[in-house]
Protein chains: 2
Amino acid sequence: MTVETPHYPFAQRVQQVPKSFIREILKVTSNPGIVSFAGGLPNPALFPMQELEDCAAKVFQKRGAQVLQYSETEGYYPLREYIAARYLQKFGLTISPEQILITSGSQQALDLLGKVFLNAGDKVLLERPTYLGALQCLSLFQAKFEEVTLNSDGVDPDELEEKMFDCNPKLFYCIPNYQNPTGLHYSEEKRKLIAGIAARYPAMVIEDDPYGDISFSNHQPLPIYSYLPEKTILLGSFSKTVAPGLRVGWMVADKDIIRKATIMKQASDLHSNNLSQHILYEFLSTYDLDHHVSKIVKHYKYQRDVMLSCIEEYFPENVQYNRPEGGMFTWLTLPSTTNAREFLKKAMEQDVIFVPGDSFYASSPDLQTLRLNFSNVNDTTMRNALRKLGTILEYTNW
Amino acid sequence: MTVETPHYPFAQRVQQVPKSFIREILKVTSNPGIVSFAGGLPNPALFPMQELEDCAAKVFQKRGAQVLQYSETEGYYPLREYIAARYLQKFGLTISPEQILITSGSQQALDLLGKVFLNAGDKVLLERPTYLGALQCLSLFQAKFEEVTLNSDGVDPDELEEKMFDCNPKLFYCIPNYQNPTGLHYSEEKRKLIAGIAARYPAMVIEDDPYGDISFSNHQPLPIYSYLPEKTILLGSFSKTVAPGLRVGWMVADKDIIRKATIMKQASDLHSNNLSQHILYEFLSTYDLDHHVSKIVKHYKYQRDVMLSCIEEYFPENVQYNRPEGGMFTWLTLPSTTNAREFLKKAMEQDVIFVPGDSFYASSPDLQTLRLNFSNVNDTTMRNALRKLGTILEYTNW
């Protein structure tokens, strides 16, 4: 056995980034014959193409060269005002535009928060399981990960308190709405409890909320931010409600934190794409975002229904699954005798892919879990592919 | 005296980022009456507005929803092919698209290279003076800075060798073409010498080249990369040749390095703005970039001539200045009895601003230096403002 010596003097952090199994799988999806439940892609049929095309034309005509010049690191001010106004309208939250930093997708917000808060060796508390992109991003700061169990209505409060006490994490990262990967969301009661616990410990709460608008129920509980604004950093994104290719997300936090994050952002990429911010603002001020989002919600809800009814119909009874009330994913737990990576191998032979759940754990992965995306496969294709998956599960001797 | 206790548990690196004096000055420039030689802004009158507007419309019509979907971290492949082909055409360099990573402006390339190479305490060798954005970005990785004197035709080779030997830096960062802040460029001979020295030491060379295309002379020497491709990382940008608001830059390096930088980029912002990459590619494949750049060059050369003739005419003889053969800046050294920050205060009283040179030093700043930008002030305004500056210098008792 030979040990490969690195040719270049790479930093220690390079060795610590978990590999993206998803990324490798997604490379396969360029094969047009494959049915993919693997990605986290919004359905492009629902992008407001004509509207954005019109808005782009208007931006060039009305705003001129300023949209192509260097611009403010904080982001386009009217866009920050729009985001603030929307929090007021949706949740009655008073947030000033100065508390909002525009980021290059909400993924960048994680990078900036790592830069603002994490020294090497600092502890970060994560839901178990959690978003792979957060594991990758925060591992770059050589954080030590701790986990808290995610139950169907949010993380376990007793365990949260215990970990806060025992580990003294610097950050607690959570996705309370239609979580990636599980599709679970936190009850109102749990949000209050979590805010109360977090208030008593030094940890800052990062509340990542890319999916909150994609809600299949009429009741949207308040964000944790609303109970603990001084210690919570709330992340948002237009990737799931308008289009991800524009790379526009944001961070809401106390002004002191925003000021530090702005310095970090200036050092990282000067500012986010200016043209996209203007096009997006033109779209948001011309059209009704809620009306547009209602079309996405209707479609994804239908897709979820198809997916769950197929699982019910085709999968063995001993397969457990979540019933997401929003977002783009559901989460399955196979019987203990099986293995999701083995299942994937068999599925790929039949041109169907998904993500084994092990990628989403900071430690001790549950090898029987897997994530299915329902936003981006049409119903007929979905039925056929899920029937194939069900057949594999039914007839394989593991 | 009270010491302010930080309210939030910020990371150590937050304290180490040098403040951007430029940023503070630039906030003043929103006053329309002020004449600013401070910024590093390309002249927006030269942005190809109509062409980009047409390209944006075509991209929406021809390419559809894919331009607004999540896309490859590496960047849009045809754009990477275009960049590779341009290096072949301009310099006879064979670079494959797989050696090119699209970044969110070339500023992001610095952040990614910090992530790929720097452990806390690693040494980074910089030109003296150097680009403030590099100081800010690399300080986030808690690098220790060392400096090498920049002479009129490049860094001093003997001093470079000495620092390589004594300090063993991990990275050597340089801007060989029309440097920010000095406007200086390296001779062909120095490039060869530097590549030869770097070849004998562990340090990687980061060759930052945002201004190379903005050349007032017909002869453009080869990049250092061409003499030492396996150990040089070459950065480029469309910010000065097309428009900065699109935030499209790139990194050229060995495939092993590109692979690591791609993982870092995925963790940092998933991928760069997809719409902008498509619009830019449409522009580059429809129009002749060299023809467009020749208009910028002609204009900036005229602006430089006006600036230098005004300095010659209005400034005291004991003020030294560089004669840049490209780019957007010149660099002044005032007599030893003066101070550029004091000079700025007096200039601001007359509604003229520039950047005192002290911001551009990693240590022991030269307080008599200052940077003037000539790309973004029209000739009449420039003459009047430089006359004011000359009068201040002539009649002030320091």
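# Two chains, from one loop outwards

Let me begin at a single residue, Leu228(B), which sits in the loop between helix H9 (224-227) and strand E8 of chain B. Please keep in mind throughout that what we are looking at is a predicted model.

Is Leu228(B) buried or exposed? With 20 other C-beta atoms within 10 Å, Leu228(B) is buried, because a residue counts as buried when 20 or more such atoms lie within that distance. If we set aside the residues up to four places away in sequence, Leu228(B) touches Ala195(B), Ala198(B), Ala199(B) and Val205(B). Met328(B), by contrast, is not among those contacts; Leu228(B) and Met328(B) are 100 residues apart in sequence, and from C-alpha to C-alpha they are 27 Å apart in space.

One of those contacts, Val205(B), leads us to the strands. Val205(B) has Thr232(B) in strand E8 of chain B as its bridge partner, and this belongs to the pairing of strand E7 (residues 204-208) with strand E8 (residues 232-237) of chain B, which run parallel and are joined by 4 bridges. As a reminder, strands of a sheet pair through backbone hydrogen bonds, either parallel or antiparallel.

Stepping back, we find in chain B an open sheet of 8 strands, whose order is E2-E9-E8-E7-E6-E3-E4-E5 and whose pairing is mixed. Which strands form its edges? They are strand E2 (100-103) and strand E5 (154-155) of chain B, each of which pairs on one side only. Helix H4 (residues 77-91) of chain B lies across E2, E8 and strand E9 (249-252) of chain B, and runs at about 115° to E2(B).

Now to another strand of chain B, namely E14, residues 369-373. Of its 5 residues, 5 are buried, so this strand is largely enclosed by the rest of the structure. If you turn the model, you can see that both faces of E14(B) are covered, with Thr369(B), Arg371(B) and Asn373(B) buried on one side, and Leu370(B) and Leu372(B) buried on the other. E14(B) pairs in the antiparallel sense with strand E11 (residues 329-333) of chain B, over 5 bridges, and within that pairing Leu332(B) has Leu370(B) as its partner. Strand E13 (residues 355-356) of chain B also runs antiparallel to E14(B) and is joined to it by 2 bridges, with Val355(B) partnered by Arg371(B).

Let me move to chain A and its domains. The domain assignment gives domain 1 of chain A as 12-47 + 291-395, and domain 2 as 50-286. The centres of these two domains, taken over C-alpha atoms, are separated by 25 Å, and where the domains meet, 30 residues of domain 1 are in contact with 31 residues of domain 2. On the domain 1 side, the elements that give two or more residues are helix H1 (12-16), helix H11 (289-314) and strand E11 (329-333) of chain A, and the largest share, 5 residues, comes from H11(A). By class, that side divides into 16 nonpolar, 10 polar and 4 charged residues.

What, then, of the contact between the chains? Chain A and chain B each put 62 residues into this contact. On the chain A side, the elements giving two or more residues are H1, helix H3 (49-63), helix H5 (105-117), helix H6 (132-139), helix H9 (255-269) and helix H10 (274-286). Which of these gives the most to that side? H9(A) does, with 9 residues. The chain A side as a whole has 34 nonpolar, 18 polar and 10 charged residues.

A residue of H9(A) makes this easier to picture, and I have chosen Ile257(A). Ile257(A) is buried, with 24 other C-beta atoms within 10 Å. Leaving aside neighbours within four places in sequence, Ile257(A) is in contact with Val116(A), Ile233(A) and, from chain B, Tyr8(B). Ile257(A) and Val116(A) are 141 residues apart in sequence, but 7.9 Å apart in space from C-alpha to C-alpha.

Finally, how are the two chains related? A rotation of 180°, with 0.0 Å of shift along its axis, superposes chain A on chain B with an RMSD of 0.0 Å, and that is the relation of a two-fold axis. The same surface serves both copies, since 100% of the contact residues of chain A recur in chain B.

Terms used: Residues numbered from 1 in each chain as written. Chains lettered and ligands numbered in written order. Predicted model: local features only at pLDDT ≥ 70, side-chain atom pairs only at ≥ 80, totals over all residues. Least-squares fit on C-alpha atoms with pLDDT ≥ 70 in both. Contact = placed C-beta atoms within 7 Å. Domains from an automatic or database assignment. Nonpolar A, V, L, I, M, F, W, Y, C, P; charged D, E, K, R; others polar. Buried ≥ 20, exposed ≤ 12 C-beta atoms within 10 Å, placed from the backbone. Pairing = 2+ DSSP bridges. Axes fitted to C-alpha atoms, helices over the stretch in contact; angles between N-to-C directions.
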